[in-house]
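Thanks for coming, everyone. I'll put the sequence and the structure up, and then walk you through the sheet, the helices and the charged pairs.

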Amino acid sequence: MKLALIGATGLIGRQLWPLLDALHDLVVLGRRPSGAGRERLGAMEDWPRLLGGERIDAALSTLGTTRKQAGSWERFVAVDRDAVLAFARAARTAGARHFLAVSSSGADPASRNGYLRLKGEVERTLWGIGFERVDILRPGLLLGQRQERRTGEAIGQALSPALNLLLRGPLDRYAGIDAGLVARAMAALVAREEAGLFRHGNREIRALAA
């Protein structure tokens, strides 16, 4: 399959692109080199243009940041909403029938939490772009070694083994989950053809990655 990916240098992306590159014709769009065999680099705003001339079957986004890391709410929105949706629309123009994205547990366009509301709005908009199939992965706290420092997540990761003992049943969706499992789940979903909007929480992600 012909695939396009953004977010290849992040916690999930850097584990995902080798899985895709080994089996598919993958092009990575990014701001800095990922190591992928074929990539096009440029400013985030240029990614739709960099995808021009490609014909792809599916597009994937593992792009994400935090308000603190971005420096402001506006910059956070520019990454987690604007860049993802611009890439998705460019991918649809390039022929993609399938879009896969990492969102967040608890994403809801009606949430009072700004982060979860934005994630929910992105999910809803992705489905409205016109893809035949959209897969939304909603992991809990992502576990793994980040290249950048996120103090809050580092504390959460340290506490995760104890918290996971408490986060069972319906609360399992908030439990910590290894980023490598999310990457493997996305790689497994690429070949799915059934049409529709599908959301995958921690339990589904673990099953897909097995």
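Before I point at anything, one convention: we call a crossover right-handed if, with the strands pointing away from the viewer, the path from the first strand over the helix to the second runs clockwise. With that in hand, look at E5, H5 and E6, which together make a right-handed β-α-β unit.

Okay, a word on what you're looking at. This is a predicted model, with a mean pLDDT of 90 for the protein, and 87% of the residues at 70 or more. The stretch to be wary of is residues 155-160, where the pLDDT is below 50; beyond near neighbours in sequence, that stretch has 8 contacts in the model.

Now the sheet. What's the strand order? Reading across, you get E3-E2-E1-E4-E5-E6-E9, so that's 7 strands in an open sheet, with parallel pairing. Strand E3, residues 39-41, and strand E9, residues 196-200, sit at the edges with a single partner strand each, so one side of each has no neighbour in the sheet. On average, neighbouring strands here are turned by 15° against each other, if you ignore direction.

Out at the E3 edge, strand E2, residues 25-30, runs parallel to E3, with 3 bridges joining them. Gly-30 is one of the residues involved, and its bridge partner in E3 is Leu-41.

What packs on this sheet? Helix H4, residues 73-93, does, touching E1, E2, E4 and E5, and its direction makes about 165° with that of E1. Then there's H5, which lies across E5, E6 and E9 and runs at about 165° to E6.

Let me stay on E5 for a minute. It covers residues 98-102, and 5 of its 5 residues are buried. His-98, Leu-100 and Val-102 point one way, Phe-99 and Ala-101 point the other way, and both sets are buried. On one side E5 pairs with strand E4, residues 58-61, in the parallel sense over 4 bridges; Ala-59, for instance, has Phe-99 of E5 as its bridge partner. E5 is also joined to E6, again parallel, by 5 bridges, and there Leu-100 finds its bridge partner in Asp-135 of E6.

On to the charged pairs. How many salt bridges are there? The count comes to 11, and I'll show you a few of them.

Start with Asp-57 and Arg-97, which form a salt bridge with their closest N and O atoms 3.7 Å apart. Asp-57 is in the loop between helix H2 and E4, while Arg-97 is in the loop between H4 and E5, so this pair ties together parts that are 40 residues apart in sequence. Buried or partly exposed, then, for Asp-57? Partly exposed, because its relative accessibility is 22%, above the 20% under which we'd say buried. Arg-97 is partly exposed as well, at 38% relative accessible area.

Next, go in between the helices. The side chains of Asp-80 and Lys-119 meet in a salt bridge at 2.7 Å, N to O. Asp-80 belongs to helix H4 and Lys-119 to helix H5, so here the tie is between parts 39 residues apart in sequence. Asp-80 is buried, with a relative accessible area of 2%, and Lys-119 is buried too, at 6%.

H5 contributes another one: Glu-123 and Arg-138 meet through their side chains in a salt bridge, 2.7 Å from N to O. Glu-123 is in helix H5 and Arg-138 in the loop between E6 and strand E7, so the pair links parts 15 residues apart in sequence. Glu-123 is buried, with a relative accessible area of 2%. And there's a network as well: Asp-25, Arg-38, Arg-40 and Glu-54 are joined by salt bridges that share partners.

Last stop, Glu-132. You'll find Glu-132 in the loop between helix H5 and strand E6, partly exposed, with a relative accessible area of 45%. What does Glu-132 touch, leaving out residues up to four places away in sequence? Arg-97, Trp-127, Ala-195 and Gly-196. Take Gly-196: it is 64 residues from Glu-132 in sequence, yet the two are 6.3 Å apart, C-alpha to C-alpha. And Arg-97 is the residue we met earlier, in the salt bridge with Asp-57.

That's my tour; over to you.

Notes: Residues are numbered from 1 along each chain as its sequence is written. This is a predicted model: local features need pLDDT of at least 70, side-chain atom pairs count only at pLDDT 80 or more; totals for chains, interfaces and linings use all residues. Side-chain values use heavy atoms; hydrogens and water are left out. pLDDT is the predictor's confidence in each residue, from 0 to 100. Contact means heavy atoms within 4.5 Å. Helices (H or I, at least four residues) and strands (E, at least two) are DSSP runs, numbered from the N terminus. Buried means under 20% relative accessible area, exposed over 50%, partly exposed in between (1.4 Å probe, protein chains only). Two strands pair if DSSP finds at least two bridges between them. Axes are lines fitted to C-alpha atoms, for helices over the stretch in contact, and angles run from 0 to 180 degrees between N-to-C directions. A salt bridge is a side-chain nitrogen of Lys or Arg within 4 Å of a carboxyl oxygen of Asp or Glu.
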